[in-house]
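User: Hi! I am new to this structure and would like to get to know it step by step. Could you walk me through it with questions and answers?

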Amino acid sequence: MVETANSTERDALTLKINEIFHSIQGEGTYALYPCTFIRLTGCNLRCTWCDTTYSFFEGQSQTLAAILSQVDSFGSNLVEITGGEPLLQKNAYVLMELLAERGKKVLLETSGSILIDRVPQHVHIILDMKAPGSGEDAKNKYENLDLLKKSDDLKIVVTNRADFDFTVDLVERHNLAVKLERPVIVQPSFGQLEPVEHGEWIKASRTPLRMGMQLHKYIYE
């Protein structure tokens with residue numbers, strides 16, 4: 001747990017925010033639930049398939065009090081902190097605690113390139129590790145696989161068959177079918193890999209996998 005002197009000082013801490021919005025969660029365990037998203041500015045990766053490149057630099061500094069006020073205005077109890085890479089900003093940990101104190105279910109989407117050992121236990125982690133097609137797989141911190149809770153999500157975006165084979169090998173080498181409560185999410189890169197082809201690979205695989213889809217893109221685009 002992140003500690004500061006008092007609640008007033010915590011509220012005055014700042015984060016660089018790209019956007020805060022209310023939508024339908026499109027991915028993972030909480031897919032299709034209404035969710036408020038807090039997108040933090042900045043990312044240490046440049047994945048080939050990234051669909052939020054605008055978050056690399058765009059954003060404004062906001063106090064945690066202002067962020068919480070915006071979140072409260074939407075009335076949702078499900079909140080996701082995302083990016084970019086949200087763990088690049090140290091005050092993200094304080095935000096996780098403050099959201100939980102307000103009774104929010106907190107989700108964190110993080111790339112796997114930063115250790116998750118400081119993330120509070122109440123947070124549902126979506127660990128988005130990188131396959132070779134991302135161009136950033138060398139930055140995976142595989143220690144994170146041992147830090148995941150059984151209830152967390154592990155997601156891998158795949159662009160081709162080589163990425164799919166990488167995922168199967170990862171699941172088997174790290175015994176993830178036993179370590180996690182649910183299968184690893186294998187998500188076809190939107191616009192690069194046809195879902196029907198990807199689905200056939202999963203059907204033919206003897207490894208427990210779950211097909212992921214960016215459902216919000218089908219809803220809103």
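Analyst: Happy to. A nonpolar core is a set of buried Ala, Val, Leu, Ile, Met, Phe, Trp, Tyr and Cys residues joined through side-chain atoms within 4.5 Å. Please keep in mind that this is a predicted model.

User: Which residues have the most contacts inside the largest nonpolar core?

Analyst: In soluble globular proteins, nonpolar side chains tend to be buried together. Here the largest such core has 47 residues. Those with the most contacts inside it are Ile 38, Met 96 and Leu 154.

User: Which helix gives the largest share of this core?

Analyst: Seven residues of the core come from one helix, and that is its largest share. The helix spans residues 92-101 and is H3.

User: What does Leu 154 touch, not counting residues up to four places away in sequence?

Analyst: Leu 154 is among the residues with the most contacts inside the largest core. Leaving out residues up to four places away in sequence, its contacts are Leu 127, Met 129, Leu 145, Leu 148, Leu 170, Leu 176, Leu 180, Val 184 and Ile 185.

User: How many residues are in the second, separate core?

Analyst: This core includes Cys 43, Leu 45, Phe 56 and Val 157. Its residue count is six.

User: How many disulfides does the structure hold?

Analyst: A disulfide needs a pair of cysteine sulfur atoms within 2.5 Å. The sulfur of Cys 50 is 6.5 Å from the closest cysteine sulfur, in Cys 47, which is too far for a bond. For the structure as a whole, the number of disulfides is zero.

User: Is Cys 47 buried or exposed?

Analyst: Buried means under 20% relative accessible area. Cys 50 is partly exposed at 25%. Cys 47 has a relative accessible area of 12%, so Cys 47 is buried.

User: Which two residues are joined by the cis peptide bond with omega near 5°?

Analyst: Most residues other than glycine have a negative phi, and most peptide bonds are trans. One residue of this cis bond, Gly 84, lies in the loop between strand E4 (78-82) and H3. The bond runs from Gly 83 to Gly 84.

User: What is the phi of Leu 32?

Analyst: Leu 32 sits in the loop between strand E1 (14-24) and strand E2 (34-40). With a relative accessible area of 52%, Leu 32 is exposed. Although Leu 32 is not a glycine, its phi is positive, about 80°.

User: Which residues make the nonpolar surface patch of about 330 Å²?

Analyst: Leu 32 is one of them. Another is Tyr 220, which lies in helix H8 (residues 215-220). The full set is Leu 32, Ile 219 and Tyr 220.

User: Where is Asn 175, which has a positive phi of about 55°?

Analyst: Asn 175 is not a glycine. At 40% relative accessibility, Asn 175 counts as partly exposed. Its place is the loop between helix H5 (161-173) and helix H6 (176-179).

User: What is the N to O distance in the salt bridge of Glu 27 and Lys 155?

Analyst: A search of the whole structure finds 16 salt bridges. This pair links distant parts of the chain, 128 residues apart, with Glu 27 in the loop between E1 and E2 and Lys 155 in strand E7 (residues 153-158). Both partners are buried. Their side chains meet at 2.6 Å.

User: Which residue forms a salt bridge with Asp 146?

Analyst: Asp 146 is exposed, with a relative accessible area of 58%. Asp 146 lies in helix H4 (residues 144-147) and its partner in helix H6, so the pair ties together parts that are 33 residues apart in sequence. The closest N and O atoms are 2.9 Å apart, and the partner is Lys 179.

User: Which residue forms a salt bridge with Arg 182?

Analyst: Arg 182 lies in the loop between H6 and strand E8 (184-188), and its partner is in strand E7, 29 residues apart. Arg 182 counts as partly exposed at 23% relative accessibility, while the partner is buried at 2%. With the closest N and O atoms 3.7 Å apart, the partner is Asp 153.

Definitions and conventions: Residues numbered from 1 in each chain as written. Predicted model: local features only at pLDDT ≥ 70, side-chain atom pairs only at ≥ 80, totals over all residues. Heavy atoms only, no water. Patch = residues over 30% accessible without salt bridge, like charges linked within 9 Å, V, L, I, M, F, W, Y side chains within 5 Å. Areas by Shrake-Rupley, 256 points an atom, 1.4 Å probe, with all protein chains shown as cover. Salt bridge = Lys/Arg side-chain N within 4 Å of Asp/Glu carboxyl O. Helix = DSSP H or I, 4+ residues; strand = E, 2+ residues; numbered from the N terminus. Buried < 20%, exposed > 50% of the residue type's maximum accessible area, 1.4 Å probe, protein only. Contact = heavy atoms within 4.5 Å.
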